[in-house]
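Me: I have a model open in the viewer and I'd like to learn how to read it feature by feature. Can you walk me through it?

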Amino acid sequence: MIHPQLDRSTISALFASGAIVLVAAACSNSDEATLGPELQSIVPTGASMVTVGPFEVCKEYRNTVGPPVTIDYTVDYELNQGNNFSGSVDLADGECYTVHVYDDANSNVGLEEQTVTVTEQVPAGFNASYQISENVRGDITVGSETPGNSASGIMLGNPDNGFKVVFYNDADPILVNGRMTGGGRQVTIGNVRVTRGLTLHCDNLLSNNLEINWTGGNKWHIDKESLTSIECIDDPAFDETPPRAPFNTFIAQATGSLNGVAGSIIRFKFIDDGEPGSTDEAYIQIWTPLDNPDSDTPVLAVGGVLTRGNLQAHFDQPHK
């Protein structure tokens, strides 16, 4: 996978200055002796607490359209375990569900921990990650996005609790049966030209052809079998038809020669948005030989809707 992936928000943030934009519970007089050690350390005797916000779970797809998913949940009481419960809910893209609100009435002392665990049943062909926001009223992000499909949060009788867990799903990359070509005349983005010989294979089993030319006589040429990372995805924001193909977006990193000198890295994203190609998009970054793409500034950073030409996604032809 390309890191960082060339999504438009990342490109805009990184290259906007370039020549071309590349693209909780009411309680008083609690009996401290009955509380767990965690609560003893944070709840003073006789404290008056405020009810916490809800524990909410949400579902979002990102690079594709996917089916509703099932979220399993459990709520475990620290002291009064007879109140533990579990269940499940089906959520479509963009939907949320309140799993639990801090239960003061049925807690043993009104201040016990109530641990909520939510687990997504990930659909076949997708991968999962999640992000937790604490204190739903302020939606303050806690930590960063985390790979996986299960998250937990401990709700206490204080005003700083309440959780929102968002499960994200991305379609697994398509690794077979897809290729992208550049047709029409030369594919052009601003003053950058991509030769008509553009041919790229999602499974990277056959040789690939890609040449980039730009002002000043600069020329970049791909090594024949140099794609070091590939993602072919079907982004719902675009429609490659006609004809139908198993993907519409080709994202990759490769090595090649820059003005005849080997060792130059390219990262690119090509998007087929149907015919006649007037809304197709291309994003390209090229680094000087031996430069590090994760720390050095690219010698070329360009992207956007094609000025002319056409990008075409296909089902790949059978390989011999």
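Reply: Sure. Let's begin with a term we'll need all along: a residue is called buried when its relative accessible area is under 20%, exposed when that is over 50%, and partly exposed in between. Keep in mind that this is a predicted model. Here is a case to try the term on: Phe268 has a relative accessible area of 0%, so Phe268 is buried.

Me: And what share of the chain's residues count as buried?

Reply: Of the 320 residues, 47% count as buried. As for the surface, the chain exposes about 14500 Å², and carbon and sulfur atoms supply 50% of that.

Me: How many helices and strands does the chain have?

Reply: The secondary structure comes to two helices and 19 strands.

Me: Then let's do strands. How do they hold on to each other in a sheet?

Reply: Strands of a sheet pair through backbone hydrogen bonds, and the pairing can be parallel or antiparallel. Here, four strands make an open sheet in the order S3-S2-S5-S8, with antiparallel pairing. Strand S3 (85–91) and strand S8 (150–155) each have a single partner strand, so they stand at the edges and one side of each has no neighbour in the sheet. On average, neighbouring strands of this sheet are turned by 20° against each other, direction ignored.

Me: How many bridges join S5 to S8?

Reply: Six bridges join strand S5 (residues 114–121) to S8, and the two run antiparallel. To find the spot in your viewer, look for Val118, which stands opposite Ala151 in S8.

Me: Next, aromatic rings. How do I tell what kind of pair I'm looking at?

Reply: Check the angle between the ring planes: under 30 degrees counts as stacked, over 60 as edge-to-face, and the rest as tilted. A search of the whole structure finds seven aromatic pairs. In one of them, Phe55 and Phe163 have ring centres 5.5 Å apart and planes at 40°, so that pair is tilted. The pair links distant parts of the chain, since Phe55 is in strand S1 (residues 54–61) and Phe163 is in strand S9 (residues 163–171), 108 residues apart.

Me: Are those two rings buried or exposed?

Reply: Phe55 is buried, at a relative accessible area of 0%. Phe163 is buried too, at 9%. Now compare the angle with Phe268 and Phe270: their planes are at 25° and their centres 4.8 Å apart, so this pair is stacked. Phe270 has 1% relative accessibility, so it counts as buried. Phe247, Phe250, Phe268 and Phe270 form one aromatic cluster.

Me: Which residue lies over the face of Tyr61?

Reply: That's Lys59, at 4.0 Å from the ring centre.

Me: What about the backbone? Where are the cis peptide bonds you'd point out?

Reply: Take a look at two places. The bond from Pro242 to Pro243 is cis, with omega near -10°, and Pro243 sits in the loop between strand S14 (218–233) and strand S15 (249–258). Another cis bond joins Glu275 and Pro276, with omega about 10°. Pro276 is in the loop between strand S16 (261–271) and strand S17 (281–286).

Me: Which residues other than glycine have a positive phi?

Reply: Among them are Asn204, with phi of about 60°, and Asn259, with phi near 55°. Asn204 is in the loop between strand S12 (199–201) and strand S13 (211–214), while Asn259 is in the loop between S15 and S16. With 27% relative accessibility, Asn204 counts as partly exposed. Asn259, at 42%, counts as partly exposed as well.

Me: Last one: how do I read a buried side chain that has a polar contact?

Reply: Find the partner, then check whether it offers a side-chain or a backbone atom. Tyr102, in the loop between strand S4 (96–101) and S5, is buried at 5% relative accessible area. Its side chain reaches the backbone oxygen of Glu112 at 2.8 Å. Also, the C-alpha atoms of Tyr102 and Leu156 are separated by 7.4 Å, though these residues are 54 residues apart along the chain. For a side-chain partner, go to Glu211 in strand S13, which is buried at 17%. The side chain of Glu211 makes a polar contact with the side chain of Asn213, at 3.5 Å.

Notes
Residues are numbered from 1 along each chain as its sequence is written. This is a predicted model: local features need pLDDT of at least 70, side-chain atom pairs count only at pLDDT 80 or more; totals for chains, interfaces and linings use all residues. Side-chain values use heavy atoms; hydrogens and water are left out. Rings of Phe, Tyr and Trp (its six-membered ring) pair if their centres lie within 6.5 Å; planes under 30 degrees apart count as stacked, over 60 as edge-to-face and the rest as tilted. Buried means under 20% relative accessible area, exposed over 50%, partly exposed in between (1.4 Å probe, protein chains only). A charge sits over a ring if NZ of Lys or CZ of Arg is within 6 Å of the ring centre and within 35 degrees of the ring normal. Two strands pair if DSSP finds at least two bridges between them. Axes are lines fitted to C-alpha atoms, for helices over the stretch in contact, and angles run from 0 to 180 degrees between N-to-C directions. Accessible areas come from the Shrake-Rupley method with a 1.4 Å probe; for residues, only the protein chains shown count as cover. A polar contact is a pair of N or O atoms within 3.5 Å; within protein, one must be able to donate a hydrogen and the other to accept it, and residues adjacent in sequence count only if both atoms are side-chain atoms.
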